[in-house]
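Q: Hi, could you walk me through this structure? I'm new to this, so plain words please.

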Amino acid sequence: MFALIRGAGDLASGIALRLWHSGFDVAMTEIEHPTSIRRTVSFSEAVVNGRADVEDVSAQLAENITHAKELMKRDILPVFVDPECICREALRPDILIDAILAKRNLGTKITDAPIVIGVGPGFEAGVDCHAVIETMRGHTLGRVIYNGSALPNTDIPGRIGGFTGERVLRAPDNGVFKGTRRIGDIVEAGDIVGYVGEKPMICTIGGVLRGLLADGTQTHEGMKAGDVDPRGERDYCCTVSDKALAIAGGVLEAILHLYTDKGDFYG
């Protein structure tokens with residue numbers, strides 16, 4: 001089966017990785033200027049650099065539909081610059097997964113594919129998709145919802161190493177971001193990891209810099225721009241997170257469940 005994923009950030013990339021390992025053909029779509037934080041585990045980097053590797057899977061920027069199909073034949077995951085997911089009409093996926101994580105539905109419809117899955121809040125199972133996957137850290141993370149919606153967004157990051165909001169770095173102003181540190185660096189509270197204009201972005205806790213916006217990214221004040229992991233494990237910077245894997249497991253469960261119910265779609 002072929003799955004098309006809207007979005008190519010770290011959580012979407014975790015979904016792509018798990019489906020790829022399970023034998024699915026996968027393609028992804030992204031915006032022209034990605035704003036991924038965890039860039040070392042995001043296939044969105046293929047838009048920026050032409051190619052991206054997440055763990056043992058390689059992705060490449062697809063020039064068109066023909067190029068995408070050639071990439072898949074070579075076991076390379078294609079990534080389109082296609083915010084509106086227009087490629088869906090030509091690709092005709094068996095499964096459409098909206099993992100943009102915009103906290104609202106940006107246009108996905110239940111009729112877009114035989115199986116349509118919404119990731120996180122903003123979708124209602126049975127209305128604009130067949131299933132919703134819970135993204136809130138806690139007891140229900142990764143659960144599949146077949147009637148209703150995921151928990152509403154609280155804007156409070158999940159707890160890691162005893163910290164919640166303190167681990168998230170936010171742009172100090174409107175403007176263009178310029179980093180002074182790299183993902184994987186060990187940082188301390190008070191360290192400057194980048195600037196927006198002349199305003200510094202300062203760490204409030206110590207740990208490993210797990211995520212950071214790419215240089216040149218246009219920001220607005222308060223925009224999520226970095227992530228400090230207080231556990232301090234550098235290896236976590238280059239592997240898909242527990243949260244992404246839990247969500248991906250929910251997506252896989254939903255596909256198998258819905259495939260059983262909708263097997264007539266596939267002959």
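A: Happy to! One term to start with: two strands pair if DSSP finds at least two bridges between them. Strands (E, at least two residues) and helices (H or I, at least four) are DSSP runs, numbered from the N terminus. The model is predicted: local features need pLDDT of at least 70, side-chain atom pairs count only at pLDDT 80 or more, and totals for chains, interfaces and linings use all residues. Residues are numbered from 1 along each chain as its sequence is written, and side-chain values use heavy atoms, with hydrogens and water left out.

Q: Cool. How do strands E13 and E14 pair?

A: Strand E13 (residues 192-196) and strand E14 (residues 199-202) are antiparallel, with four bridges. Tyr195 sits opposite Pro200 in E14.

Q: And what's in the hairpin between E13 and E14?

A: Two residues lie between the strands, and Gly197 there has a positive phi near 65 degrees.

Q: Which strands make up the open sheet of four?

A: Its order is E10-E17-E15-E12, with antiparallel pairing. Strand E10 (168-170) and strand E12 (186-187) are the edges, each pairing on one side only. E15 (residues 207-212) pairs with E17 (residues 224-229) over four bridges, and Leu212 is opposite Gly226 in E17.

Q: Switching topic: which residues touch the most others in the largest nonpolar core?

A: Ile15, Leu19, Met28, Phe43, Leu77 and Ile97 do, out of 41 residues. Such a core is a set of buried Ala, Val, Leu, Ile, Met, Phe, Trp, Tyr and Cys residues joined through side-chain atoms within 4.5 Å, where buried means under 20% relative accessible area (1.4 Å probe, protein chains only). Helix H5 (residues 242-261) gives this core its largest share, eight residues. Another core, of 21 residues, lies apart from it and includes Met72 and Cys87.

Q: How many cavities of 30 Å³ or more are there?

A: The search of the whole structure finds one, with about 40 Å³ of space. A cavity is a set of points, on a 1 Å grid over the protein atoms alone, where a 1.4 Å probe fits but cannot get out; lining residues have an atom within 4 Å of a point. Points are joined across faces, edges and corners, and the volume is the space filled by probe spheres set on them.

Q: What lines the largest cavity?

A: Among its lining residues are Pro34, Arg39, Glu45 and Leu213.

Notes. On a 1 Å grid over the protein atoms alone, a cavity is a set of points where a 1.4 Å probe fits but cannot get out, and a pocket is an open set with protein on both sides within 12 Å along at least five of seven lines; lining residues have an atom within 4 Å of a point. Buried means under 20% relative accessible area, exposed over 50%, partly exposed in between (1.4 Å probe, protein chains only).
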